[in-house]
Amino acid sequence: MSLEKLELFEVFLRSKRGLDHKHAGSLHAEDKEQALEYARDVYTRRSEGVSIWVVKSNDICASQEDDSDSFFDPSDDKPYRHATYYDIPKEVGAM
Amino acid sequence: MAEYNKSEAELEAVFQQKIDSEQKIEPKDWMPEAYRKNLIRQMSQHAHSEIIGMQPEGNWITRAPSLRRKTVLLSKVQDEGGHGLYLYSATETLGIERSELIAALQSGQAKYASIFNYPAQTWGDMGAIGWLVDGAAIVNQVSLQRTSYGPYSRGMIRICKEESFHQRQGYVIMMELAKGSPAQKQMAQDSLNRFYWPSLMMFGPHDSESAHSAKSMKWKIKRETNDDLRQKFIDQTVPQIAYLGLEHPDKDLVWNEEKGQHDSGEIDWEEFYAVINGNGHSNRQRIQHHVKAHEEGAWVRDAMSAYQQKKLQRKINAETAA
């Protein structure tokens with residue numbers, strides 16, 4: 001891989017133990033070890049994270065915004081999956 | 001990295017210090033082997049309960065009394081399947097494979113919540129299961145949102161959010177029956193009578209009898225004891241039974257002003273242990289059904305793998321041609 005065309009990696013940071021890793025951004029690197037070090041250098045300069053994940057961008061399979069209508073449509077007409085669909089009298093307490 | 005220089009005792013001290021200061025343990029952290037084993041046992045048991053729990057309710061999907069009730073029940077059973085998946089995946093972060101977990105369930109080596117060994121005999125049972133069984137599970141799961149293992153805690157948070165409708169849909173079924181004809185009200189009472197005590201058993205043995213409790217509390221796998229959680233459930237259920245106008249199944253239940261909670265009658269522990277040890281009404285049927293479904297699904301897994309091979313071969317052919 002030439003210096004001009006390094007592999008693209010996505011960077012995920014866990015800001016605190018117990019929380020999910022969140023997408024922070026991306027960077028170019030030769031390999032995953034280097035990507036991890038770069039991510040530390042550029043994305044956690046102010047203690048933003050206690051753990052870093054790097055993933056090759058090419059390895060991410062993503063849904064397409066343009067397809068989202070048909071992709072997510074099946075859950076739109078199912079209000080009964082939400083608690084608010086059911087009327088529960090106040091007298092019986094929180095449920 | 002510094003862990004290589006530390007002794008087992010030092011590592012354990014660091015681990016316990018994380019726990020004591022309310023920090024979560026994450027998959028790649030060092031952890032005592034017994035902590036890992038204890039978690040695998042509890043989390044896989046929880047996952048198995050979600051999956052086996054699909055059976056008593058799945059039994060009523062085709063017989064639900066209206067299309068609306070059928071869609072609601074179907075949706076709930078789908079959720080249970082999804083929650084089983086979340087929990088199996090979280091358990092796998094501890095370095096055990098799905099196939100091992102399933103094998104342990106099918107051989108009887110791993111347990112699941114005993115409540116699912118009680119048959120669902122009437123439509124009223126769909127109400128009682130949602131209201132009482134999910135209600136008891138939610139009390140436990142709300143507490144487990146604060147468990148010390150990160151993936152388990154995050155799974156519980158997601159599950160609690162999604163499950164909030166389960167208990168409510170069950171209670172709505174009970175309200176409809178309780179307001180209905182005398183026969184319908186009787187059906188509601190009968191379901192309440194049969195599911196009340198087994199729901200209390202879901203919290204496990206008394207603290208004094210519980211084999212895993214002390215260690216689990218020290219490691220904050222569990223955050224509240226069996227008896228404390230059970231008491232919460234008993235207290236919250238009293239006004240719910242009263243509102244339905246049904247008789248409370250516990251004749252010894254009285255309000256204790258001093259303690260600010262209800263005193264209640266004793267659970268039939270003989271029944272509890274009989275069902276746990278395989279002698280409930282539906283134990284064999286539940287596992288047989290699981291094995292059967294798994295075996296009958298083999299062709300789907302084979303087809304998926306064959307299709308994968310075919311796609312791969314096509315790609316190779318295209319590349320060779322180009």
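**View 1. Strands β1 and β2 of chain A, side by side.** In this predicted model, strand β1 of chain A, residues 7-14, is joined to β2(A) by 7 bridges, and the two run antiparallel. To find your way along the pair, start at A:Phe9, whose bridge partner in β2(A) is A:Leu27.

**View 2. The open sheet of chain A.** Step back a little and 3 strands come into view, ordered β2-β1-β3 with antiparallel pairing. β2 (22-29) and β3 (51-56) of chain A stand at the edges with a single partner strand each, so one side of each has no neighbour in the sheet. On average, neighbouring strands here are turned by 30° against each other, ignoring direction.

**View 3. Helix α1 over the sheet.** Residues 32-43 of chain A form helix α1, which lies across β1, β2 and β3 of chain A. Relative to β2(A), the helix runs at about 120°.

**View 4. Where chain A meets chain B.** Here 18 residues from chain A and 25 residues from chain B make the contact. Look for A:Arg17, A:Tyr86 and A:Met95, which together supply 37% of the area that chain A buries against chain B, more than any other three residues. Between them the two chains bury about 2000 Å², with 58% of it on carbon and sulfur atoms.

**View 5. A salt bridge between the chains.** The side chain of A:Asp20 meets that of B:Arg154 in a salt bridge, at 3.3 Å from N to O. Chain A and chain B share 3 salt bridges and 13 residue pairs in polar contact. On the side of chain A that touches chain B, the residues are 10 nonpolar, 2 polar and 6 charged.

Technical notes
Residues are numbered from 1 along each chain as its sequence is written. Chains are lettered from A and ligands numbered from 1 in the order in which they are written. This is a predicted model: local features need pLDDT of at least 70, side-chain atom pairs count only at pLDDT 80 or more; totals for chains, interfaces and linings use all residues. Side-chain values use heavy atoms; hydrogens and water are left out. Contact means heavy atoms within 4.5 Å. Buried area is the accessible area (1.4 Å probe) that two parts lose on being put together, summed over both. A salt bridge is a side-chain nitrogen of Lys or Arg within 4 Å of a carboxyl oxygen of Asp or Glu. A polar contact is a pair of N or O atoms within 3.5 Å; within protein, one must be able to donate a hydrogen and the other to accept it, and residues adjacent in sequence count only if both atoms are side-chain atoms. Ala, Val, Leu, Ile, Met, Phe, Trp, Tyr, Cys and Pro count as nonpolar, Asp, Glu, Lys and Arg as charged, and the others, Gly among them, as polar. Two strands pair if DSSP finds at least two bridges between them. Helices (H or I, at least four residues) and strands (E, at least two) are DSSP runs, numbered from the N terminus. Axes are lines fitted to C-alpha atoms, for helices over the stretch in contact, and angles run from 0 to 180 degrees between N-to-C directions.
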